[in-house]
Every structure is written in structure tokens, then in C-alpha cells.
Amino acid sequence: MIQENDNFRDSLGTVNKEGKRAWVFPKKPSGRYYTWRTRVSYALLVFLILAPFIKINGNQFLLFNVLERRFHIFGFPFWPQDFYLFVLSMIIGVVFLALFTVAFGRIFCGWICPQTIFMEMVFRKIEYRIEGDRGAQMRLDRQPWNAEKIRKRLLKWSVFVLISFGIANVFLAYLIGGDVVLEYIKESPAGHLGTFIPLLIFTGVFYFIFAWFREQVCIIACPYGRLQGVLLDEKSIVVAYDHKRGEGKNGRKKFRKNEDRKALEHGDCIDCLQCVQVCPTGIDIRNGTQLECVNCTACIDACDHIMEKVGYPKGLIRYASEENIRTKTPFRVTARMKGYAAVLFILMGLLTGLLFLRNEVEVTLLRVPGQLFGREGANVISNVYTYKAVNKTTAEIDSVTFRLLSHEGEVKPVSGARFQIPGQGMAEGTLFIKLPQSQLEGDKTRLKLGLYRKDKQIETVTVNFQGPVSYR
């Protein structure tokens with residue numbers, strides 16, 4: 001029968017009674033959910049590999065260049081001046097994940113998470129191909145280090161290292177740019193040791209994760225898994241075992257042909273343990289919702305296959321909420337879900353508005369530190385400033401100039417009246433602003449300047465102008 005206490009929660013499924021690692025040898029899954037999950041995983045794998053090499057309007061589709069403080073999200077460039085937009089995007093992602101978890105449990109982990117995709121759809125499948133299914137892997141693990149075991153393990157480890165190296169290159173492309181990585185590949189590693197050494201470190205990290213740490217990432221390291229206890233409730237849709245149907249009044253019993261289980265009041269669960277053997281985190285889903293469960297649906301496919309063989313209805317393990325299993329209540333949108341959805345809608349509206357208001361060129365104008373105002377003749381006051389103009393587009397912007405908008409005066413860049421801003425680059429320099437004394441409003445006057453490309457205004461900036469105290 002289903003356990004009446006929660007003692008199984010006192011220890012992890014991958015740790016034995018002695019506190020040592022209990023290695024998980026999951027059986028190769030098959031079934032309709034696994035087929036769909038394979039298709040989704042391969043589509044996401046293609047996306048993950050190609051995203052840093054795809055460009056939209058000259059911008060990399062996804063780029064997270066922390067060192068140079070350049071970020072591209074879906075082709076939109078984000079500069080340090082746009083950091084508030086980047087933070088808002090991350091907050092939206094967190095709220096969306098929270099809403100998704102409240103409604104559908106840890107489905108993200110089983111279907112979309114890169115850790116699960118690479119582990120189950122790449123490394124695990126290679127393991128099945130080289131070492132065989134669950135039984136063969138367990139026998140290989142127990143047997144001494146003979147020629148067969150050495151050959152299979154060395155082949156597996158070598159393939160794992162190569163794939164880890166490939167993943168590290170893709171990961172690096174997200175950080176420094178796909179074009180840069182492709183250029184480095186063509187050249188000798190000796191010329192780029194500052195990049196090649198971190199690449200080898202990343203390769204070692206990925207190999208360690210997928211060859212040894214494996215499901216422990218989801219159970220121990222991943223903070224999202226720990227949030228389940230906060231986000232999930234009895235109305236959340238999770239991979240659940242129908243204990244009312246499976247246990248009956250007299251619990252589980254092995255299947256016997258032509259036996260009247262209903263008369264004996266046994267449940268539909270025939271205790272075949274297929275759901276346990278196929279689980280990649282080594283748990284028994286029949287114990288209820290657990291931290292280790294990543295909602296991968298492998299147990300659903302295994303149970304449906306057994307139910308079909310013995311002639312019982314499918315769905316003993318299925319996507320359902322605890323409330324649905326207990327009371328047969330259908331899925332309903334709760335007030336909690338509506339609250340998350342409202343917050344998400346407001347944040348997305350705010351981000352959309354800010355993106356539309358975002359300028360393609362942004363200017364910073366600052367007075368030179370330590371410099372007081374200067375006098376030119378009897379009636380003209382001058383201040384010196386440094387400017388930085390950031391071009392967030394890929395096209396060069398030429399014939400750029402500053403003009404005073406709020407006062408009558410003169411703007412005189414040191415390097416010439418007009419300058420260029422390179423695509424995805426920055427132009428910086430020094431300029432003087434000169435005002436007649438009659439224009440001053442005191443020791444500090446607020447000025448408004450426009451940045452023009454030829455005769456088209458492309459940005460506005462305000463700055464303080466310092467004058468003599470006597471002109472207050």
C-alpha cells in the first residue's frame with residue numbers, strides 16, 4: 001500500500017542507508033509522452049546550438065557578454081544603459097516560471113530544462129547505445145575491470161568528453177559571440193590561451209555534470225526544485241499516482257491471470273515496479289509528490305504500457321492534481337494563479353512600453369570634473385563637457401551634431417562640428433558650451449540639448465551649466 005507516513009522523505013532516492021551515492025540505472029523509456037518529449041527536446045537542442053550563431057538585423061539572437069556588458073535578447077541589443085530593461089526581462093521570466101509551476105508543477109524540468117534535455121536525450125541515449133539497457137548497465141557495473149568493461153567505459157567517456165567540449169564551445173558563443181568563437185576555431189589555440197583555458201575548464205565542468213553528478217543537479221544543486229514546496233499546492237497539475245484506484249481497500253498485489261481483483265478489493269497497481277525502474281531520479285512515484293520528481297513522464301509511459309498489457313484502463317499514473325485524484329474535481333484557475341497572471345500581464349505591458357520608448361542612440365553628457373566655468377570676453381560664459389554617444393544599432397550614424405534647444409548659445413565640439421557613431425559602438429569626445437551672461441539663471445542653469453543626425457533629432461539630453469554666483 002501507499003506509505004502512511006513520510007519516512008521516505010527523510011532521505012534522497014540517490015543516497016543509500018550508509019550515506020553513499022546510490023547510482024541510478026534507469027530503464028530506457030518508451031511511449032507516447034517519451035516520443036513527444038524527444039521531439040520537443042531535439043527542437044530545443046537545435047535552438048540552443050544555433051541561437052548564438054543566428055543574427056537578426058546584424059545582432060546575435062542571444063548574447064550574454066558580461067565582460068563587455070553587451071546583451072542581446074531575441075535580437076534586441078541591451079547596453080549598460082538598458083540594464084533596467086534586462087532586469088525587468090529577468091523578473092518577467094521568474095514570474096512566468098512561478099505561474100507555470102503553480103499551475104503545472106515541475107513540467108519545465110522534464111520538458112524544457114537544458115540539464116534534462118542534454119542528460120536524457122543526449123548522454124543517456126549514448127549510454128544505452130554503448131552499454132545497453134538497465135540490466136546490462138547494472139551487470140557491467142558489477143563485473144570486474146575486464147577487456148569488455150574497459151572498452152565500453154573508455155568509449156563512453158571519450159564520447160562524453162567530445163560532446164562536453166562541443167557544449168562548452170556553444171556556451172562560450174553565448175558569452176563572447178558566435179562569430180568570435182568561429183574565428184577562434186579557425187586559428188591556433190596557442191594564440192588565444194585566455195579563451196582556450198576557460199574552454200577546457202567548462203568542458204571539465206560539463207563532463208563532471210553529465211558523467212558523474214547527473215540527476216544530483218536536479219535534486220541537490222538546482223534552486224528551482226527547492227521552490228516546489230513553496231509554489232505547489234493540491235491544485236497544481238503534476239505527474240501523480242492515482243492512489244485511490246491503485247491501492248483499493250487491500251492494497252497492491254502482483255497480477256495473476258483470471259483472478260478477480262475487484263472481488264478481492266485489490267487496487268489496479270500490480271506492483272511491477274516499472275515506474276520505479278524507469279525513473280531517472282530513482283524514486284517511487286507511488287509515494288506521492290516528491291522533491292526529486294522532475295515530471296519527465298517516464299513513469300506514465302511505463303505504467304500505461306503495463307496497464308495495456310493486463311487489460312486495465314490507462315492513467316493510473318497521469319498528469320493530475322492531488323485534488324483531482326482525491327475528489328475528481330477538474331482543473332480550475334485559482335485566485336493564486338490569477339494573481340501571478342495579473343502581475344505578469346502588468347510587467348509585460350511595462351516592458352513593451354519601455355521597449356517602444358527606448359532610443360536607438362543614448363547620450364551621456366558630463367561636466368569635466370574639477371573644471372570651473374570660463375569667460376570669453378565680457379559677456380560670454382563657457383563650460384567644458386565630455387560626451388559619450390552609444391549607437392545600439394548595427395548601422396553607422398554619420399553627420400551627428402549637438403544643438404542647444406533651451407537657450408541661445410553655441411555648442412562647439414573639440415574634434416569638429418560633426419562626428420560619426422559606429423554601429424554597435426560608441427563615440428566620445430569633449431565639447432564646449434558657450435552662453436551669454438544674460439541667459440544664465442544663477443550659478444547653475446539647466447540646459448537642454450538635442451543630438452541631430454543632419455536635420456533629424458535623434459536624442460535629447462539635459463545638463464547643468466555653471467556660472468558666476470553673482471548671476472543668481
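**View 1. A three-stranded sheet, open and antiparallel, in a predicted model.** Start with the three strands that line up in the order E3-E4-E5, paired in the antiparallel sense to give an open sheet. Strand E3 (62-65) and strand E5 (76-78) sit at the edges with a single partner strand each, so one side of each has no neighbour in the sheet. Going from one strand to the next, the twist averages 25°. Keep in mind that this is a predicted model.

**View 2. The hairpin of E3 and E4.** Here we zoom in on E3 and E4, which run antiparallel and are joined by four bridges. One pair to look for is Asn65 with its bridge partner in E4, Arg70. The two strands form a hairpin with four residues between them. In that turn, look for Arg69, which has a positive phi of about 55°.

**View 3. The hairpin of E4 and E5.** Next door, strand E4 (residues 70-73) pairs with E5 over three bridges, again in the antiparallel sense. Ile73 has Phe76 of E5 as its bridge partner, while His72 is matched with Pro77 in E5. This hairpin has two residues between the strands, and Phe74 takes a positive phi near 55°.

**View 4. Where helices H1 and H15 cross.** What angle do the axes of H1 and H15 make where they cross? Helix H1 (residues 32-50) and helix H15 (residues 298-310) cross at roughly 145°, with their axes coming within 7 Å. On the H1 side you'll find Arg32, Tyr33 and Tyr34, which meet Ile300, Asp301 and Asp304 in H15. Sort the residues of this contact by type and you get three nonpolar, three charged and no polar.

**View 5. Helices H2 and H17, side by side.** Helix H2 (residues 83-104) and helix H17 (residues 335-357) have axes that come within 9 Å and cross at roughly 155°. That makes H2 and H17 roughly antiparallel to each other. The crossing of H2 past H17 is left-handed. From H2, the residues making the contact include Tyr84, Leu88, Ile92, Val95, Leu99 and Val102. Among those that H17 brings to the contact are Met337, Tyr340, Leu344, Leu347, Leu351 and Leu354. How do the residues of this contact divide into nonpolar, polar and charged? The tally is 22 nonpolar, one polar and one charged. Ser89 of H2 and Arg336 of H17 are also among the residues in the contact.

**View 6. Thr329, in the loop before H17.** Stay with H17 and step back to the loop between helix H16 (322-327) and H17, where Thr329 lies. The side chain of Thr329 is joined to that of Thr327 by a polar contact of 2.6 Å. Leaving aside residues up to four places away in sequence, Thr329 touches Glu323 and Asn324.

**View 7. A four-stranded sheet, also open.** For the last view, look at the open sheet with the order E13-E11-E15-E16, whose four strands pair in the antiparallel sense. Which strands stand at its edges? They are strand E13 (419-421) and strand E16 (456-466); each has a single partner strand, so one side of each is left without a neighbour in the sheet. On average, and ignoring direction, neighbouring strands of this sheet are turned by 35° against each other. Strand E11 (residues 397-404) and E13 run antiparallel and are joined by two bridges. In this pairing, Val400 stands opposite Phe419 in E13.

Notes: Residues are numbered from 1 along each chain as its sequence is written. This is a predicted model: local features need pLDDT of at least 70, side-chain atom pairs count only at pLDDT 80 or more; totals for chains, interfaces and linings use all residues. Side-chain values use heavy atoms; hydrogens and water are left out. Two strands pair if DSSP finds at least two bridges between them. Axes are lines fitted to C-alpha atoms, for helices over the stretch in contact, and angles run from 0 to 180 degrees between N-to-C directions. Contact means heavy atoms within 4.5 Å. Ala, Val, Leu, Ile, Met, Phe, Trp, Tyr, Cys and Pro count as nonpolar, Asp, Glu, Lys and Arg as charged, and the others, Gly among them, as polar. Angles under 35 degrees count as roughly parallel, over 145 as roughly antiparallel, 65 to 115 as roughly perpendicular and the rest as oblique. A crossing is left-handed if the near helix is turned anticlockwise from the far one by less than a right angle, and right-handed if clockwise. A polar contact is a pair of N or O atoms within 3.5 Å; within protein, one must be able to donate a hydrogen and the other to accept it, and residues adjacent in sequence count only if both atoms are side-chain atoms.
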